[in-house]
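Trainee: I should like to learn how the terms used for a structure are justified. May I ask about them one by one?

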Amino acid sequence: MKKLMSLALALVLALSLTACGGSSSGSSSNTPATQPAQTTEPAQTTTPEPAAPASNWPEKEITIIQPWSLGGGPDVITRQIASYSDKILGVPMIVENHTGGSGTIGMNDFLDAADDGYTLFCCNGPLFSLTPSFIDVDYTIDDINPLVGIRITEFVVLTNAKSGITDIQGLIDYANAGHTITYATTGGPGNDSWTMITALFKTLGIPCEAVPYDGGQEAINALVGGHVDVAAGSPPVYRDYVKSGELNCIGTFIPEGIDVDGIGHIASFKSQGIDVEFTGMDYFAVRSTVDAEKQAILKDFVLQVYADPDFQKFMADMGMAPWGADGDEILSMVEAQTEAMTKYIPLVQG
Amino acid sequence: MEQFLGGLQVLAQWQNFAVIPLGLAIGIVVGAIPGLTSDLGLILCIPLTYGMDPTMAILMLLAIYCGGTYGGSITAILINTPGTSANAATLFDGYPMTVKGQAFKALQMALFASTIGGLISAVSLLFLAPPIAKITLLFGPAEYFALSVFGLSVIAGVSNNSIFKGLIGACVGLFMASIGQDSISGTARFIFGQRRLMAGIDLIIALIGLFAISEIMMKSQYNPKTDHKTVSASAITKDKITKDEYRRCWKPIGIGSLIGVIIGATPGTGGGLAAFIAYNQVKQSSKHPETFGKGEIEGVAVSESANNGACGATMIPMLTLGVPGDGSTAILMGAFMLHGMVPGPSLFAEQGNILYAIMLGLIVVNVFMYIIGSVFTRFYAHITRIPYEILAPIVLTFCIAGSYSTNNRVYDIYIILIFGIISYFLRRMDFQLVPILLGIVLGPLMEKNFRRAMVISQGSPSIFFTRPISCAFILIAVVSVVVFGIRSARARKRAQENEAKQA
């Protein structure tokens, strides 16, 4: 009797746990175990929506492999885009964070996945233009096909207002007074902000030391707290501090300069006579062997999201704009960036 | 004040109060399964919140977070495996209480302490967020390094008189933490040609391997015929907390909550570290430190109040500076952004009403947690009656499923098995697991900030002593180790005298 009772208890425990798992996964479809059941159901009866696409692809959930950490800029935008999938494509879109190895772990997992179009990758330029010079990788740009752009990353170089440095000349004078400039970057060697600020200071011939942080917000906080002399940032992380006068912008790597809401025009280093430029970009990619028709459906989905006013407001609140560039444009930008990096990499490694 | 009232108005909708119990129930169950953490519960439930309005969505997620941090204590107490890393300090006294047959009492105290800690944390978030945020900005690399040294000094107190083994354990932990790509120079370390090890070893994976798998292996000597003690259902819930015990626990809960708030508000640390530091402080200041680690109810009280005390406080740097206090808050921050609220200095000005509604809601979450927890506690206490031969396969299944679900890869299951085997042999050689865990938790924080500080000071270690906050932490660390040394030497002398007298 006692044994029976305890068995029953064990069963109840197990059931309560599976019940919970079911309740949370049923609606989010995040557990692989529930998927086979979904796919075997006849598609005609389960999709009674009026605006059914001509092709019945996709039939099951789509996974976006996100090589960057949860809660960061690309992750938040990707998740916001994915949340539209149920409505537009009729299937859920799941974002999985495969972080580490400067994005190469996610990239490799993505290339290991089937080329059936059900796996997307949140890609960027430096994974091809920079990372291979710092980490041994076995992928090339030919393995992927850029689908559509996500956003342009506009790196700005900032100083703490208390230091009294307001422009690049002030920084040079500070260094000439015998100081070694310490600068906070959003990641270690091979990271885009690390490479570009290092290239900036090496071009100027200023003595400098990088202090790598984990992500843009940490780097900006180190600057606000007065722990480093310089930091790199992209919107929205630095905006408030510049508006309140705690931080100064001394220039951006975007060659045309940028206009930031509430701050005004930030001049490029190029316009200030320093030959360093960089335009960061995030974009969705699929494996290059994915069927063209499927690629078109996925691209069309993302563009529909970009056209949604709610989504545009969401991006505006973050201080960014959706970047709807097509595959060819992205490819040529990545190629140009790779070419440009051959100039900077020896500089920063030397 | 205007925003405060506006917040009350936003909060006072029945839908908000409906999602809180749901979130808590999910959190407690997820937290109580080794391998499933509140992080996972949050990720699974974020899609559910897409359709909700921001206040409702964030309150549900906060309920999962708080419930998970409390829920993790259930397995720590019952099966000697912390449900989340925040509950590791609950092991010290929680499991010994279960062995003594006081599981229900321990669960009750964990719930009570978690609730009080959570309430204090929610109130500090409500009233002290901006000033605390200003202080955390003062924390540079030197301060973080000193804080982690202070954290490691806890080892002296938790090594059960074999400080040498404790130190070796911490080194093992620090070594495990160094596996993967070095974040400062990008060098791959100890990856044995395995690409997947580049990302390092997930804390939760290490935790399952170290505690749960080795615990099951330790029980390999277990004989169902002779070792299983049958306990009647009524006896389990009979042993309740006495008035005297409540009175005794007020001080530990107070210290725990306070330390929880302070450590929680420091970005990058979290509830686990808070619980260890608080536990050590209470043990050292106790009149009867020898009872700690042997089923002392004050030990459960302090660790659980500290980790839940960190829960609300981790939101302080997140909301005001945009820096998450720990892993779960990083996910919460993503949820805030998804709902159109970008954490940072201007959030209070722009979305004050919603924020106040959320902060006031956090108080409600903690009150609900006590009510729901009381129901769960009664139910969970009976788990101790399940014979181990039935419990072990269930736990093992959850561990494997949990470790797989962390990154959706089978690779992690091999890692937990390898960690389990290493941990099993260490335990057979009488090593404590907690110093290893401290090493794993503090390793990255310590290393990164040491190297950043060295860059900033251009290689001079004087930076740790010339900055006041950093110097203070190092002094406290030294003093607490010395005090511990003197105390244990005295205790040894007394024990020798007693032996001599008896002889």
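Trainee: Where does B:F190 lie in chain B, and what makes its phi unusual?

Mentor: B:F190 sits in the loop between β2 (188-189) and α9 (203-218) of chain B. In this predicted model, its phi is positive, at about 50°, although B:F190 is not a glycine. Most residues other than glycine have a negative phi.

Trainee: What makes the peptide bond between A:W57 and A:P58 a cis bond?

Mentor: The value to examine is omega, which is about 0° for the bond that joins A:W57 and A:P58, and the bond is accordingly cis. Most peptide bonds are trans. As to its place, A:P58 belongs to the loop between α3 (43-46) and β1 of chain A.

Trainee: How do you know that the length of helix α12 of chain B agrees with its number of residues?

Mentor: The helix has 23 residues, 243-265, and at 1.5 Å a residue these should span 33 Å. The C-alpha atoms at its ends are 32 Å apart, so the two values agree.

Trainee: Where in α12(B) is there a kink?

Mentor: The kink is at B:C249 and amounts to about 35°. The proline B:P252 follows shortly after that position.

Trainee: Why are β7 and β9 of chain A called edge strands?

Mentor: Five strands of chain A form an open sheet in the order β7-β6-β8-β5-β9, with mixed pairing. β7 (208-212) and β9 (247-252) each have a single partner strand, so one side of each is left without a neighbour in the sheet. Between neighbouring strands of this sheet the average turn is 30°, direction ignored.

Trainee: How do you know that β6 and β7 of chain A are paired?

Mentor: Pairing requires at least two bridges. Strand β6 (residues 181-185) of chain A and β7(A) have five, in the parallel sense, and the criterion is met. Within this pair, A:Y183 stands opposite A:A210 in β7(A).

Trainee: Which helices pack on this sheet?

Mentor: Helix α8 (residues 168-176) of chain A is one of them; it touches β5 (156-160), β6 and β9 of chain A, and its direction makes about 105° with that of β9(A). Helix α20 (residues 433-456) of chain B also packs on the sheet, touching β6 and β7 of chain A. The direction of α20(B) makes about 160° with that of β7(A).

Trainee: What makes β2 and β4 of chain A the edges of their sheet?

Mentor: This open sheet of five strands has the order β2-β1-β3-β12-β4 in chain A, and its pairing is mixed. β2 (93-97) and β4 (144-153) have a single partner strand each, so each has one side without a neighbour in the sheet. The twist from one strand to the next averages 25°.

Trainee: How many bridges join β1 and β2 of chain A, and in which sense do these strands pair?

Mentor: Strand β1 (residues 62-66) of chain A and β2(A) pair in the parallel sense over five bridges. A:Q66 stands opposite A:N97 in β2(A). Helix α12 (residues 292-307) of chain A lies across β3, β4 and β12 (280-287) of chain A and runs at about 15° to β4(A). Helix α14 (residues 327-349) of chain A packs on the sheet as well, touching β4 and β12 of chain A, at about 75° to the direction of β4(A).

Trainee: How many residues does each chain bring to the contact?

Mentor: Chain A gives 57 residues and chain B gives 53 residues. On the side of chain A that touches chain B, the largest share, 14 residues, comes from α1(A). By class, that side has 23 nonpolar, 25 polar and nine charged residues.

Trainee: Where in chain A does pLDDT stay under 50?

Mentor: It does so over residues 14-53 of chain A. Where pLDDT is low, the predicted coordinates should not be read in detail. Chain A averages a pLDDT of 83, with 84% of the residues scoring at least 70. Chain B averages 87, with 98% of the residues scoring at least 70.

Key: Residues are numbered from 1 along each chain as its sequence is written. Chains are lettered from A and ligands numbered from 1 in the order in which they are written. This is a predicted model: local features need pLDDT of at least 70, side-chain atom pairs count only at pLDDT 80 or more; totals for chains, interfaces and linings use all residues. Helices (H or I, at least four residues) and strands (E, at least two) are DSSP runs, numbered from the N terminus. The expected span of a helix is 1.5 Å times one less than its number of residues. The bend at a residue is the angle between axes fitted to the seven residues ending there and the seven starting there. Axes are lines fitted to C-alpha atoms, for helices over the stretch in contact, and angles run from 0 to 180 degrees between N-to-C directions. Two residues are in contact if their C-beta atoms, placed from the backbone, lie within 7 Å. Ala, Val, Leu, Ile, Met, Phe, Trp, Tyr, Cys and Pro count as nonpolar, Asp, Glu, Lys and Arg as charged, and the others, Gly among them, as polar. pLDDT is the predictor's confidence in each residue, from 0 to 100.
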